[in-house]
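Colleague: Could you take me closely through one part of this model, the largest pocket and what surrounds it? I would love to hear which elements and residues supply its lining.

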Amino acid sequence: MSRYFQPEIETASREEILAIQNEKIVKQVKHVYENVKYYRDLMDAKGVKPEDIQSVDDIKKLPFLSKADLRDAYPYGLLGTDLKNCVRIHSTSGTTGKRVVAFYTQHDVDLWNDCCARAIVAAGGSCGDVCQVAYGYGLFTGGFGLHGGSEKVGCLTLPMSSGNTERQIQFMMDLGATIICCTPSYAAYIGETLAEAGYKPSDNKLKAGIFGAEPWTEEMRRSIEQSLGIKAFDIYGLTETSGPGVAFECEAQTGMHINEDHFYAEIIDPDTGEVLPEGSKGELVFTSLDKEAFPLLRYRTRDICVLTREKCPCGRTHVKMSKPMGRSDDMLIIRGVNVFPSQIETVLLNEGYTPNYQIEVDRVNNSDTLDVYVELLPEQFSDIVAENQKKERALEIAMRTMIGIGPKVHLVPPHSITRSEGKAVRVIDKRKLHD
Ligand code: DLL
């Protein structure tokens with residue numbers, strides 16, 4: 001049984017990978033320049049022509065693309081092909097105002113499925129496995145991504161989607177799931193629920209889990225591995241670059257191999273944009289090498305990490321990225337949903353409150369909690385409890401509509417939120433998500 005899904009690519013020599021990348025980048029830049037006016041304008045403004053890009057070394061000449069550009073160009077401004085050639089749309093989790101929409105041709109879906117298939121095989125998957133996909137299906141990329149990978153590998157695929165934990169457990173047990181794919185916090189919750197129902201880790205047939213979409217620590221890995229009796233593998237990706245499977249962990253569990261035949265990775269200084277030498281910590285930037293519908297050149301992920309090229313015992317030669325160590329913007333991932341503090345601020349201002357607020361995120365029983373403390377003006381202050389509660393519920397509903405998940409709102413008396421002398425401390429994250 002192969003340990004690789006596409007051995008000739010996954011274990012190719014450095015020279016072979018470079019040759020693939022160099023060939024693809026020339027075509028990808030030409031494709032973007034000819035078909036994506038938005039990016040052509042950025043290149044023209046910088047004075048870069050497609051002919052200037054002859055190899056991946058030249059990528060640094062290209063302009064960056066940011067989430068703000070994606071919003072600017074919403075919905076069709078970055079399409080690299082006619083809409084009639086597209087077969088799929090996905091979108092970033094959460095958020096009404098800040099959604100990013102990504103498009104896929106069948107070719108794009110096929111390559112994406114390959115990336116996820118590599119991840120499943122690296123986790124020990126093969127055609128005899130029963131793969132339970134408990135990431136959300138829908139606009140979010142997790143469900144469909146791992147689903148496509150699982151079918152490519154030939155696993156019997158259980159498209160459970162997330163939630164309904166009782167049914168997850170029933171199917172896991174009755175159908176003998178051997179691999180589970182979901183967010184790490186949901187995996188921990190399933191483990192807990194199994195224990196509460198009286199199951200021992202050895203009662204299930206699971207051997208591996210493929211977890212990602214949010215930060216998780218080594219402690220969390222150990223705890224999930226114990227509670228489910230499995231080996232837990234990390235998987236990384238973002239909607240903009242297709243979804244999960246941009247990078248995945250192998251049996252060494254020391255970082256995630258980036259699928260370098262499809263994505264070229266750089267690490268930059270988030271403040272200056274300067275490309276940093278290998279091994280430096282900085283912001284991860286991706287250039288797609290062979291996407292048709294939604295090709296992105298030098299896309300700033302805002303994820304902070306380190307790339308390493310040390311020889312991996314698994315035999316894969318593709319560069320490895322560390323777990324993301326934070327973000328260079330203020331985006332929070334709460335219960336798998338991307339949340340920006342500015343969205344909460346927008347709701348407060350719309351509803352007539354001041355921007356004096358504090359967001360507290362914690363993790364209780366492996367589930368994220370979100371509390372928002374909102375300071376009242378003296379004239380808004382009331383000592384009638386029921387009146388305050390009514391206002392709190394109204395804010396909770398408005399915030400849920402804006403960000404996609406429901407916070408607990410607490411109205412607090414005037415001047416009770418500590419003023420900062422420097423930048424306001426808007427977010428207190430107690431989850432200790434980074435090692
Ligand atoms: O979270 C895609 C995905 C689905 C990845 C399933 C893995 C598994 P978005 O909703 O666009 O896409 O969120 C992307 O999530 O920029 C990171 O900040 C974060 N993220 C993704 N994977 C990991 C991970 C999906 N393994 C954003 N560890 C990214 C830490 C992760 N953070």
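Modeller: Happily! At least two residues of the largest pocket's lining come from each of α6 (141–153), β7 (231–238), β8 (243–249), β12 (299–308) and β14 (332–334); helices (H or I, at least four residues) and strands (E, at least two) are DSSP runs, numbered from the N terminus. The model is predicted, so to speak of local features pLDDT must be at least 70, and side-chain atom pairs count only at pLDDT 80 or more, while totals for chains, interfaces and linings use all residues. Residues are numbered from 1 along each chain as its sequence is written, and side-chain values use heavy atoms, leaving out hydrogens and water.

In all, 47 residues line this pocket, and Glu214, Pro215, Asp303, Arg327 and Ile333 lie nearest its centre. A pocket here is an open set of points on a 1 Å grid over the protein atoms alone, where a 1.4 Å probe fits, with protein on both sides within 12 Å along at least five of seven lines; lining residues have an atom within 4 Å of a point. The space inside comes to about 920 Å³, the volume being that filled by probe spheres set on the points, which are joined across faces, edges and corners. By type, the lining has 18 nonpolar, 14 polar and 15 charged residues (Ala, Val, Leu, Ile, Met, Phe, Trp, Tyr, Cys and Pro are nonpolar; Asp, Glu, Lys and Arg charged; the others, Gly among them, polar).

The largest pocket lies between domain 1 (1–327) and domain 2 (332–429), because both give residues to its lining; the bounds come from an automatic or database domain assignment.

The second largest pocket, of about 490 Å³, has 22 lining residues, with Ser162, Thr183, Arg335, Gly336 and Val337 closest to its centre. Two or more of its lining residues come from each of α8 (184–196) and β17, and α8 gives the largest share, three residues. Seven nonpolar, 12 polar and three charged residues make up this lining, and domain 1 and domain 2 each supply at least three.

Strand β17 leads us on to an open, mixed sheet of four strands, ordered β18-β17-β16-β19. The edge strands β18 (408–412) and β19 (427–429) have a single partner each, so one side of each is left without a neighbour in the sheet. β17 (residues 367–375) runs parallel to β18, joined by five bridges (strands pair if DSSP finds at least two bridges between them), and Val372 stands opposite Val409 in β18.
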